Amino acid sequence: MGFPLLTLVVWLPLLGAVLVYGFRREQVKAVKAWALAFTGLTFVGTLLLWVFFRSGEAGYQFVDRAAWIPQFGLEYALGVDGISLFLVILAALLFVVAVLTSWRLVPAEGLRGYFALLLFMETGVLGVFTALDMVLFYVFWEVMLVPAYFLIGRWGGEKRVRAATKFFIYTMAGSALMLVAILALGYVGYSASGAWTFNVAELAGLRIPWYTQLALFGAFALAFAVKAPIVPFHTWLPDAYVEAPTPVTILLAGILGKMGVYGFIRFAIPLFRDAAVYFGPTIQILAVVGVLYGSLIALVQTDLKRLVAYSSLAHVSLIVLGLFAVNAQSMSGAVFQSVSHGIYIAALFALLGALEARKGTRDIAAFGGVWKAAPVMGFFLLIAVLASVGLPGLNAFAGEFVLLLGVFKAQKALAVLGALGMIFGAWYMLTLFQRVMQGTAKPGPLADLTGLEKVTVAPLLLLALVFGVQPNLLYRIIVPAVEAVVRAVASR
């Protein structure tokens, strides 16, 4: 395709950010409409990527390249393959959901800045999933961080400043390590070939000395472990998820956390294959600890968002467990589950945000018998909960089953421990549903979902059903790209 569709998709939100911020303060409706228009157009662009993507091919497609700083091997290079395509589409979809969820939630004061930051962050996130140059990847990674910090710190809950600062410090610490590793990796390439390059495909062919691999993998892994997050680098997660406004929580849980998972499979594993195999068992043990720890902590939570935040920690830890089994099933399941988790966790947080907006509290004890007063909300929450617990026919089952199948081939004990997380997940999520939706209704009016809220959540639940019934829509594109990574690791 000669048309630079991928470049347009990545930069269109930034253009939207500039235009939205250019409106006058009192033009609230125009600001909302244009924010929705730009996120919507970006989402349509990502769907076109899917339509024109050649399934069955493992390499990058829609590649856009241009010299950036050629003297030092830096280039503007974007592309997508079967690993990144659906993460790009998911990101674009969740930003549309975030804009719609913000519609009545965010006050008119500061609305231009809010939507401009949201659109700015979208360009950073899309850039992370498409950059083929390591330095460009780092730039997009940092671009994402700044608006996320301000969105949490300005529009979050009572402890928003503390949560935003914690999120920023953790991520910046990981980013600093990653930058050092990128520079060192470029120098290793320069020493080997006499030419500077930061192109991912070219760096993947390097023969890196053992101890250098260990050091560089460690630096990348720490950066990605913070973002995923993996225990013990997770402590920013519950505070950020709870204190962020609901639309930003949707983005944090649905797509920003996947940047760490993506970093592992795109960079850390294929670039440092020996080190990935060496450290793999340790990371898998930490992942299992994350599954069990997140599940057990979720069981005793009394706060709606905090419960789902810890459930997200458990689910993403399971994805990391699958990544480091390093076989086609476990890694394909992990990529599928990354997309799947982004869909149902976004629906869950959107519905919990609607509950909080009506009652003015997130305390689970304040709810009860909601289904009778709000049957549509009850039905939607039931589907989202069933998707979360991995009910067959919904999307999480298709991801978790294949992922655990691959882990079981490699480490049976870890697969069994990882599967325990699914049992705990069914326990705490069904308990949450029972306490909120059933039983005796608590005092106070409780309205059902509005038309806008239905339009926002229904597509996510429909996707959970479609990908649950037809998972091959994703797998036929994911598997060839994952198999290429597995072959590269096997040939080390």
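This note covers two helix packings in a predicted model, both involving helix α14.

1. Basis. Residue numbers start from 1 along each chain as its sequence is written. In this predicted model, local features need pLDDT of at least 70 and side-chain atom pairs count only at pLDDT 80 or more, while totals for chains, interfaces and linings use all residues; side-chain values use heavy atoms, without hydrogens and water.

2. α3 against α14. Helix α3 spans residues 85-102 and helix α14 residues 328-359 (helices are DSSP runs of H or I, at least four residues, numbered from the N terminus). Their axes lie 9 Å apart at an angle of about 10° (lines fitted to C-alpha atoms over the stretch in contact, with angles from 0 to 180 degrees between N-to-C directions). That angle makes α3 roughly parallel to α14 (under 35 degrees; over 145 counts as roughly antiparallel). The crossing is left-handed (the near helix is turned anticlockwise from the far one by less than a right angle; clockwise is right-handed).

3. Residues of the α3 contact. From α3, Phe 86, Leu 87, Leu 90 and Leu 94 meet Ser 338, Val 339, Gly 342, Ile 343 and Ala 346 of α14 (contact means heavy atoms within 4.5 Å). By class, the contact has 7 nonpolar, 2 polar and no charged residues (Ala, Val, Leu, Ile, Met, Phe, Trp, Tyr, Cys and Pro are nonpolar; Asp, Glu, Lys and Arg charged; the others, Gly among them, polar).

4. α10 against α14. Helix α10 (residues 246-256) packs on α14 at about 160°, with axes 9 Å apart, and is therefore roughly antiparallel to α14. This crossing is right-handed. Among the α14 residues in the contact are Gly 342, Ala 346 and Phe 349. The contact has 6 nonpolar, 6 polar and no charged residues.

Notes
Angles under 35 degrees count as roughly parallel, over 145 as roughly antiparallel, 65 to 115 as roughly perpendicular and the rest as oblique.
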